[in-house]
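Subject: Structure handover

Hello,

Here is the structure for you to look through. My notes follow below it.

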Amino acid sequence: MYGNDFASPSDAPSASPEPVEPGLEDFWRIVGEDGRIEPRDAMPEDYRSSLVRQIAQHAHSEIIGMQPEGEWISRAPSLRRKAILMAKVQDEAGHGLYLYAAAETLGVDRAELLDMLHTGRQKYSSIFNYPTLTWADIGTIGWLVDGAAIVNQVPLCRCSYGPYARAMVRVCKEESFHQRQGFEALYTLSHGTPQQHEMAQDAVDRWWWPSLMMFGPHDSGPHATAGHTAKSMAWGVKRFSNDDLRQRFVDMTVPQAEALGLTLPDPDLRWNESRGHYDFGEIDFNELFEVIKGNGPCNAERMANRRRAHEEGAWVREAATAYAEKTAARRTAGAA
Ligand code: BYC
């Protein structure tokens, strides 16, 4: 699987706090042994609520993420590209489904989570608030956005919460395929006519920095926020810090850009022999925080579309509920 070669002795969850709260001995033992916590196991309340937050935001990102690409289904340049794009957008809906189901195992209701999204009480990834201006944006999203998603999500396949970890295995396999198709679509453009090459370069220029922002704020230093990383790592939910994953993404992506014959829009990007990594320029975190606050180029449009889709889908949910009730009643009557 693309990007699936993480192994570092430093990624094991840290030791349990001392003293361990009574009733949570098994939780800390399982986390310490790199095992999986299951829905009926005792767990700290902040572990549960932080997982609900992260899994729900992840699920929301998957379904909002259908919009920027969905806009190009009717404009794909060939039947083959259209069929691939439709399948990819459907996959994103499926990822949302697995993730909402994983969140529900923590005792929350899917309708409640969607309400939190629709009323702005829960976030979704900043990346989906940027417009898809040309067909090259679709290849670029597959290459960079799905590429960044995989780097962030492969370690989550080993997250301490079983239902989330298992959902991520399938999500990552599908994201690997998405990343490859994006690279292939972009390669076709970058090796096409001069105008197609220019279109590919323009898309990469616009998506590069927002893709780096997907990994979240710095973990330390002047731009760091008091985020969730330290706790999440102690719980074995996050295995790597935001900055470590971002660095890994940069290191993987630079040679791919070379293969594409495209330039990454960062004059400070260069190999640092002593670090064994690429150095790169400073991210504009003010832009990230503005987008997260709802002030990105497409936030209002994305939310309006999402609320409308939810309202227009009410009859489907009602029909499914009525059918489930009827089937259950028939089963009860049959058993009696
Ligand atoms: N956008 O302490 P931090 C996909 C928030 S789906 C918006 O680092 P954490 C794909 C963060 O939520 C992409 N908000 O938090 C889909 C927190 O605010 P709250 C989504 C962001 O949770 C379809 C605050 O900033 N991927 O890729 O430890 C097609 C402090 O941050 C962002 C996932 O959801 C952002 N970029 O780490 C193609 C993966 N960054 O919650 C692709 C699972 C940070 O306190 N999630 N914030 O209000 C994660 O791995 C982690 O939640 C994050 C953030 C790395 C995203």
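How many residues surround the ligand, and which are the closest? There are 28 around the ligand, and the closest are Arg53, Lys123, His228, Lys238 and Asn242; a residue counts if one of its heavy atoms lies within 4 Å of the molecule.

Before the rest, note that this is a predicted model, where local features need pLDDT of at least 70, side-chain atom pairs count only at pLDDT 80 or more, and totals for chains, interfaces and linings use all residues. Residues are numbered from 1 along each chain as its sequence is written, and side-chain values use heavy atoms, with hydrogens and water left out.

The ligand has polar contacts (pairs of N or O atoms within 3.5 Å). One of its oxygen atoms is 2.2 Å from a side-chain N or O atom of Lys123, and an oxygen atom of the ligand is 3.0 Å from a side-chain N or O atom of Gln57. A nitrogen atom of the ligand lies 3.4 Å from a backbone N or O atom of Met214. On its own the ligand has 1000 Å² of accessible area (Shrake-Rupley method, 1.4 Å probe), and the protein covers 89% of this.

Now helix H12, residues 299-312. Helices are DSSP runs of H or I with at least four residues, numbered from the N terminus. Asn299, Arg302, Met303 and Arg306 are its buried residues (under 20% relative accessible area, 1.4 Å probe, protein chains only). Seen down the axis of H12, they fall within an arc of 95°, so they line one face; the arc is taken from the directions from the axis to the C-beta atoms. The face turned away carries Ala300, Glu311 and Glu312, which are exposed (over 50%).

Regards

Methods:
Helix = DSSP H or I, 4+ residues; strand = E, 2+ residues; numbered from the N terminus. Expected span 1.5 Å × (residues − 1). Polar contact = N/O pair within 3.5 Å; in protein donor to acceptor, adjacent residues only side chain to side chain.
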